[in-house]
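Trainee: Could you take a close look at one bridge pair for me? After that, I'd like to hear how its surroundings fit into the rest of the model.

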Protein chains: 4
Amino acid sequence: MKDISVTVVGGSGYTGGELLRILARHPQVGKLTATSRQHEGKKASSVHQNLLNVYDKEFKQMDEKSMDADFIFLATPHGESMTIAPGLLEKGVKVVDLSADYRFKDYKIYEKYYQKHASPELCKKAIYGLPEAYRKEIKKANLVANPGCYPTSVILGLLPLARIKKKLEMKKIVVDSLSGTSGAGAKPSEFAHHSEVDENLKVYNVAKHRHRPEMESIVGEQFGCDVKLSFTPTLAPIIRGIQSNIHVHGKLKENLMDSYKKFYGKEPFIRITETPYVKNVAHTNYCDMGVWTDENTSEIIVI
Amino acid sequence: MKDISVTVVGGSGYTGGELLRILARHPQVGKLTATSRQHEGKKASSVHQNLLNVYDKEFKQMDEKSMDADFIFLATPHGESMTIAPGLLEKGVKVVDLSADYRFKDYKIYEKYYQKHASPELCKKAIYGLPEAYRKEIKKANLVANPGCYPTSVILGLLPLARIKKKLEMKKIVVDSLSGTSGAGAKPSEFAHHSEVDENLKVYNVAKHRHRPEMESIVGEQFGCDVKLSFTPTLAPIIRGIQSNIHVHGKLKENLMDSYKKFYGKEPFIRITETPYVKNVAHTNYCDMGVWTDENTSEIIVI
Amino acid sequence: MKDISVTVVGGSGYTGGELLRILARHPQVGKLTATSRQHEGKKASSVHQNLLNVYDKEFKQMDEKSMDADFIFLATPHGESMTIAPGLLEKGVKVVDLSADYRFKDYKIYEKYYQKHASPELCKKAIYGLPEAYRKEIKKANLVANPGCYPTSVILGLLPLARIKKKLEMKKIVVDSLSGTSGAGAKPSEFAHHSEVDENLKVYNVAKHRHRPEMESIVGEQFGCDVKLSFTPTLAPIIRGIQSNIHVHGKLKENLMDSYKKFYGKEPFIRITETPYVKNVAHTNYCDMGVWTDENTSEIIVI
Amino acid sequence: MKDISVTVVGGSGYTGGELLRILARHPQVGKLTATSRQHEGKKASSVHQNLLNVYDKEFKQMDEKSMDADFIFLATPHGESMTIAPGLLEKGVKVVDLSADYRFKDYKIYEKYYQKHASPELCKKAIYGLPEAYRKEIKKANLVANPGCYPTSVILGLLPLARIKKKLEMKKIVVDSLSGTSGAGAKPSEFAHHSEVDENLKVYNVAKHRHRPEMESIVGEQFGCDVKLSFTPTLAPIIRGIQSNIHVHGKLKENLMDSYKKFYGKEPFIRITETPYVKNVAHTNYCDMGVWTDENTSEIIVI
């Protein structure tokens with residue numbers, strides 16, 4: 001039954017566009033609304049041309065009417081979500097926030113890496129929206145904080161190692177990640193200008209990207225131990241997809257490919273494979289991963 | 001002898017950067033200066049990173065000192081060059097303008113497609129900077145108007161047909177062109193945003209691109225007849241290079257590949273080939289071209 | 001009800017892989033089989049890695065058992081389909097052929113551009129699998145000949161002009177097309193080698209591609225008149241998608257964008273738009289198109 | 001003076017093509033010959049189209065005449081060079097080998113990772129062709145073994161750390177590298193097929209690429225200590241360029257960017273920069289690098 005009403009706040013960015021594409025065809029979603037400050041009054045399909053004949057409604061402004069929904073997705077920038085969510089929650093709306101605003105249980109970490117928090121009391125109540133780690137909690141949650149792009153790839157890759165954490169050097173993890181340019185958003189920038197990205201690889205924010213503390217805090221919570229990692233992201237000339245190379249030192253003999261398969265056996269969107277290529281997961285919900293051990297340096301490599 | 005002093009006005013764009021790369025290693029160029037309003041005081045190699053250790057001087061402002069040179073290249077936007085050139089010419093400087101400001105002998109055509117002209121009297125004196133057509137005149141010129149990107153490809157492709165123009169329908173020429181994104185310049189835009197360009201082909205300005213009158217007027221002058229063409233440009237997911245497919249109807253038996261080879265025999269930068277691919281000319285001065293006849297529709301196809 | 005059994009012959013190529021991806025999730029398809037000479041015995045998902053957990057069955061050989069199906073798709077090379085189809089049709093199987101073998105009602109045209117035909121008597125009975133032109137016939141057909149990639153784009157672009165064909169020069173149509181590399185198939189070749197294609201544009205088979213007669217014969221049949229066109233294909237550095245620039249000379253005043261919208265009004269997969277970009281249709285069933293008139297050369301341009 | 005005669009053996013691959021492009025314009029090279037088994041008799045510029053009008057001679061077979069040169073470059077596959085080099089050296093020719101055959105002073109390491117060696121006695125005499133490490137020796141060498149692509153990037157990145165090796169965990173180095181597809185050579189393969197590479201990232205040979213022992217042995221020799229590293233290569237959708245992320249654990253306070261600048265101060269082709277992007281070095285001789293310290297995990301990161 002198509003009886004759930006949904007609103008996407010900030011529908012003109014790339015995450016907003018993808019939400020609309022998925023929700024417009026969702027079997028349970030009825031009324032679907034999208035807001036946009038920048039494009040209010042324009043057809044959504046004039047901004048996201050791929051939505052032509054799929055979702056042609058106009059972008060609304062954020063008001064009582066557009067905010068009257070069962071579910072609201074906040075595809076808003078960091079710093080905005082935290083001013084919008086409290087009011088919605090009070091009205092009983094279920095909120096999924098795609099910004100970083102509620103990803104940290106400890107709002108002080110957020111404030112260290114982002115900015116002063118406007119609704120710190122909600123941080124503890126928000127559930128980190130990674131079903132493979134928090135499925136039960138998500139089902140009951142009123143406020144879901146969706147994971148960052150890089151953290152999704154790194155946390156999923158590390159989760160199956162919780163069991164053997166004592167054999168591993170959890171404070172010296174090395175992560176090198178590659179991202180497509182859609183992660184940089186729809187707003188034009190020199191960083192993501194075609195002539196600057198194509199035929200290029202652009203390493204950036206070396207040792208200072210703010211997704212690093214997000215990875216450390218969630219993995220730390222899941223593993224019940226201190227976690228430290230170095231994180232080096234590189235922009236690759238692709239649109240969609242992330243590849244993370246995760247290196248954990250430790251002595252280990254077992255065939256990890258098999259234990260990863262077992263760990264994720266019932267997960268519909270995780271696939272364990274020798275060929276974890278972004279091409280096979282782009283445009284899908286899948287996360288493909290493989291795991292290897294390097295005896296030369298006593299190390300686990302998860303891709 | 002490195003005794004020629006050169007200044008590049010507007011050195012921070014892509015054309016400015018390429019000029020600096022070439023001039024910095026030119027055997028006859030001595031003092032080399034670059035100006036930039038936006039980046040004044042910054043090292044040129046901090047803006048054009050490929051110039052590190054090649055040309056590290058700071059961008060200057062446009063003043064008496066920086067304008068004291070034998071040659072000045074104006075890598076300025078349309079509409080600016082026409083206010084700068086007159087003063088320089090009066091001082092006896094030789095000027096090469098990369099904008100469209102002096103490409104039309106008849107300033108009224110310029111005004112129709114661009115804007116009001118600030119120094120229309122210079123238009124007749126400017127020489128169109130295509131050596132294959134105006135080599136002698138360029139050598140003696142004080143003001144050279146460098147060709148647009150698309151016009152370069154189309155004019156060079158048509159020139160050898162002047163001899164047989166009477167057999168050809170010169171008022172129904174069809175041109176479909178493909179361009180890399182560097183042609184759109186260094187300034188970030190949605191048009192040339194990587195996520196919008198990659199894995200995409202973007203046709204634009206159908207039947208209304210202002211390079212069309214430029215092609216028509218130069219070919220018309222060279223051929224001594226009226227020329228009309230339709231021009232459809234498409235942005236392709238490459239950085240450098242243009243491919244133009246030029247279709248001219250007319251009855252013709254001869255092997256044009258040979259007559260093209262003969263026509264361009266002494267030109268150092270024109271190569272006639274069955275495989276005129278942008279890859280073979282990008283990063284070089286070459287223009288590669290091939291020519292075919294299609295008996296099915298009585299048509300010449302120049303690529 | 002999932003009660004239709006389907007077999008894909010030649011399941012290891014790109015068309016085979018796409019068929020499997022679509023059919024594996026098709027609500028009416030039950031038993032789904034794929035054959036492959038080259039990869040017999042291997043899991044389909046080891047060849048098409050994106051099918052992991054989607055379609056993991058092994059490729060079969062072509063025998064009685066694998067050929068026992070309601071529908072059989074022949075994703076086989078030109079020249080093979082025509083030896084397989086006759087036997088299947090005799091058994092009462094419905095056949096969809098993706099090769100060129102049955103695309104020409106007149107087998108002599110096929111023989112001129114391809115090779116001697118092994119079952120010429122079937123050519124007249126085969127229905128050209130373009131629903132926008134032959135929907136009724138396809139529903140009743142036993143043998144459907146699916147269109148070539150370039151012809152699909154060109155025929156769909158021309159169909160709405162049938163009504164005004166007398167105003168148009170139908171024997172001087174100019175078509176410049178761009179194709180992604182998936183059209184060249186899964187078999188490695190220098191033509192589609194990454195280092196040769198990336199940052200490149202490769203014009204090929206100028207004035208001699210065999211999709212040209214296919215376009216001419218279908219458009220001729222639909223329009224009821226002689227049609228001649230020149231066809232120039234170029235390989236672009238994208239994987240999926242085709243852009244065709246179609247130029248038809250003729251005098252015309254009306255707003256064609258509107259008449260195209262009207263013509264295709266009920267078609268679910270045709271969208272009329274000012275921005276007919278491959279990015280908006282890749283990975284979908286859509287064909288987006290726009291139409292312009294160029295008064296300068298009295299010409300219609302369909303993209 | 002153009003008085004040095006040079007022959008390139010195996011001129012039809014990508015390394016052969018680049019050598020010809022450079023040598024054809026080299027101020028000291030006179031007679032330039034190229035051999036190719038596969039393309040003997042064809043013009044070099046019909047295989048390497050970018051060489052049209054630059055180097056148009058025909059490929060020769062390998063015989064007395066073509067081997068009569070001052071310098072011979074062996075752009076031959078691993079396993080072939082070691083059968084050709086001995087005879088040339090006896091005749092007094094200077095040989096530069098681009099294969100892996102002479103990169104290991106200890107031929108047993110070669111035999112472990114490659115194959116039985118046909119001229120093991122030459123291994124000790126060969127000089128590793130990395131001028132930044134072996135400039136003096138190269139000048140006097142008769143047999144130069146040019147470095148592998150990945151090892152070049154990793155060795156250059158590590159060299160400046162020799163001085164402080166004792167503070168570093170040299171047996172737990174982590175290297176994640178990205179390579180363009182030209183590194184896979186000119187021979188078509190599924191691995192480097194455009195539709196498989198574009199919009200994709202392909203990790204391969206995890207923990208078992210044979211460039212790893214090459215890096216370890218050269219760095220070990222230069223540092224005078226045991227070196228172990230894990231090496232994970234990924235194929236990126238670019239043609240030219242390699243990015244290597246090198247992680248070395250160790251406690252360190254100093255500003256390494258400055259000491260890297262000092263170390264490489266006189267090297268013409270090394271540039272130290274905050275933006276070590278492949279785009280800035282592709283099509284040049286440059287290797288750009290940057291170095292950072294991550295206090296969070298006590299680690300040096302060289303890109």
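Mentor: Let's start with A:Val8, whose bridge partner in S2(A) is A:Ala34. Keep in mind throughout that this is a predicted model. The two strands involved are S1(A), which covers residues 4-9, and S2(A); they run parallel and are joined by five bridges. As a general point, strands in a sheet pair through backbone hydrogen bonds, in either a parallel or an antiparallel sense.

Now step out to the sheet. Reading across chain A, the strand order is S2-S1-S3-S4-S6-S5, an open sheet of six strands with parallel pairing. So where does our pair sit in it? S2(A), residues 29-35, is an edge strand, and the other edge is S5(A), residues 127-128; each of these pairs on one side only. In the strand order, S1(A) comes between S2 and S3.

Chain B gives you another look at this kind of arrangement. Its open sheet also has six strands, in the order S2-S1-S3-S4-S6-S5, paired in parallel. The edges there are S2(B), at 29-35, and S5(B), at 127-128, each pairing on one side only. Further along that order, S4(B) (residues 94-97) and S6(B) (residues 143-145) are linked in the parallel sense over three bridges. If you want a residue to click on, B:Val95 faces B:Leu143 of S6(B).

Back to chain A, to see what the sheet belongs to. The domain assignment splits the chain into domain 1, residues 4-147, and domain 2, residues 150-302. Measure between their C-alpha centres and you get 25 Å. Where the domains meet, domain 1 of chain A contributes twelve residues and domain 2 of chain A contributes 16. On the domain 1 side, helices H4 (107-113) and H5 (131-140) of chain A each supply at least two of the touching residues. That side is made up of nine nonpolar residues, one polar and two charged.

Taken whole, chain A holds nine helices and 14 strands. Its radius of gyration is 20 Å, close to the 19 Å from the globule rule for 303 residues, so chain A is as compact as a globular protein of that length. Along the principal axes, its C-alpha atoms fill a box of roughly 60 × 45 × 40 Å. Half the chain is tucked in, if you like: 50% of the 303 residues of chain A count as buried. Looking at contacts in chain A between residues at least 6 apart in sequence, 65% link residues at least 24 apart.

And the neighbours? Chain C touches chain A through eleven residues on each side. The chain C face of that contact has seven polar residues, two nonpolar and two charged. Between chain C and chain B, the contact takes 37 residues from C and 38 from B. On chain C, the elements giving two or more residues to it are strands S7 (173-179), S8 (202-203), S9 (229-235), S10 (242-249), S13 (291-294) and S14 (299-302). By class, that side of chain C counts 18 nonpolar, ten polar and nine charged residues.

Try superposing those two chains. A turn of 180° with a shift of 0.0 Å along the axis lays chain C on chain B, with an RMSD of 0.0 Å. That's the relation of a two-fold axis. Both copies use the same surface, with 100% of the contact residues of chain C recurring in chain B.

While you're in chain C, have a look at helix H6, residues 149-158. Nine of its ten residues are buried, so the helix is largely enclosed by the rest of the structure. Among those buried residues are C:Tyr150, C:Pro151, C:Val154 and C:Leu158.

For contrast, finish in chain D with D:Lys251, which lies in the loop between strand S10 (242-249) and helix H9 (256-263) of chain D. D:Lys251 is exposed, with 11 other C-beta atoms within 10 Å; exposed here means 12 or fewer. Leaving aside residues up to four places away in sequence, D:Lys251 touches D:Lys167 and D:Ser298. D:Lys262 is eleven residues from D:Lys251 in sequence, yet their C-alpha atoms are 21 Å apart in space.

Conventions:
Residues numbered from 1 in each chain as written. Chains lettered and ligands numbered in written order. Predicted model: local features only at pLDDT ≥ 70, side-chain atom pairs only at ≥ 80, totals over all residues. Helix = DSSP H or I, 4+ residues; strand = E, 2+ residues; numbered from the N terminus. Rg over C-alpha atoms; globule rule 2.2 N^0.38 Å. Buried ≥ 20, exposed ≤ 12 C-beta atoms within 10 Å, placed from the backbone. Contact = placed C-beta atoms within 7 Å. Nonpolar A, V, L, I, M, F, W, Y, C, P; charged D, E, K, R; others polar. Least-squares fit on C-alpha atoms with pLDDT ≥ 70 in both. Domains from an automatic or database assignment. Pairing = 2+ DSSP bridges.
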